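Good morning, colleagues. Please take a moment with the sequence and the structure as they come up on the screen.

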Amino acid sequence: MDFAVCIEQNYPSGGEACATELGLDWSNIEACTTDEQAAAKVSVANANVTAFADIPGTPTIFINGKQLSTTNALLYQVCNAYTGTKPAGCP
């Protein structure tokens with residue numbers, strides 16, 4: 001998960017630096033994006049996971065383990081589910 005977080009924080013050009021920072025082999029990771037066979041396998045795996053998890057698309061948001069049926073009034077839904085002292089941004 002650390003790699004995914006690092007990639008998101010350093011998108012679009014931080015992949016190699018993130019791999020190095022975390023002690024991962026960048027050449028293996030890069031191969032998944034440049035090798036057509038590997039990319040096809042990753043695509044199939046993603047489709048299978050998405051179908052199994054009943055994830056209709058992106059974004060798919062969960063609050064306390066429950067998938068939201070709509071992202072309308074998302075701030076309200078998050079604030080309503082939050083059990084601590086409400087942050088200043090909550091209505």
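What span should the 17 residues of α4 have at 1.5 Å a residue, and how far apart are its end C-alpha atoms? The expected span of α4 is 24 Å, and its end C-alpha atoms lie 24 Å apart, so the two values agree. I should say at once that this is a predicted model.

Let me stay with the ends of α4. At its start, a side-chain oxygen of Asp35 comes to within 3.2 Å of the backbone nitrogen of Gln37. Just after α4, Asp54 adopts a positive phi of about 55 degrees.

Helix α4 also takes part in the largest pocket, which holds about 150 Å³ of space. Two elements, α3 (26-34) and α4 (36-52), each give two or more residues to the lining of this pocket. The largest share, 5 residues, is from α3. Trp26, Ile29, Glu30, Cys32, Thr33, Val42 and Asn46 form the lining, and by type these are 4 nonpolar, 2 polar and 1 charged.

I turn now to the disulfides, of which there are 2. In one, the sulfur atoms of Cys6 and Cys18 are 2.0 Å apart. Cys6 belongs to helix α1 (residues 2-9) and Cys18 to helix α2 (residues 15-21), so this pair ties together parts 12 residues apart in sequence. The torsion about its S-S bond is about -80 degrees, and the disulfide is therefore left-handed. Both Cys6 and Cys18 are buried.

Cys79 and Cys90 are also joined by a disulfide, S to S 2.0 Å. Cys79 sits in helix α5 (residues 74-81), and Cys90 in the segment after α5, 11 residues apart. This link is left-handed, with -90 degrees about the S-S bond, and Cys79 and Cys90 are both buried. In sequence order, the bonded cysteines pair 1-2, 3-4.

Technical notes:
Residues numbered from 1 in each chain as written. Predicted model: local features only at pLDDT ≥ 70, side-chain atom pairs only at ≥ 80, totals over all residues. Heavy atoms only, no water. 1 Å grid on protein atoms, 1.4 Å probe; cavity = no way out; pocket = protein on both sides within 12 Å on 5 of 7 lines; lining within 4 Å. Points joined across faces, edges and corners; volume = space filled by probe spheres on them. Helix = DSSP H or I, 4+ residues; strand = E, 2+ residues; numbered from the N terminus. Nonpolar A, V, L, I, M, F, W, Y, C, P; charged D, E, K, R; others polar. Expected span 1.5 Å × (residues − 1). Polar contact = N/O pair within 3.5 Å; in protein donor to acceptor, adjacent residues only side chain to side chain. Disulfide = S-S within 2.5 Å. Buried < 20%, exposed > 50% of the residue type's maximum accessible area, 1.4 Å probe, protein only.
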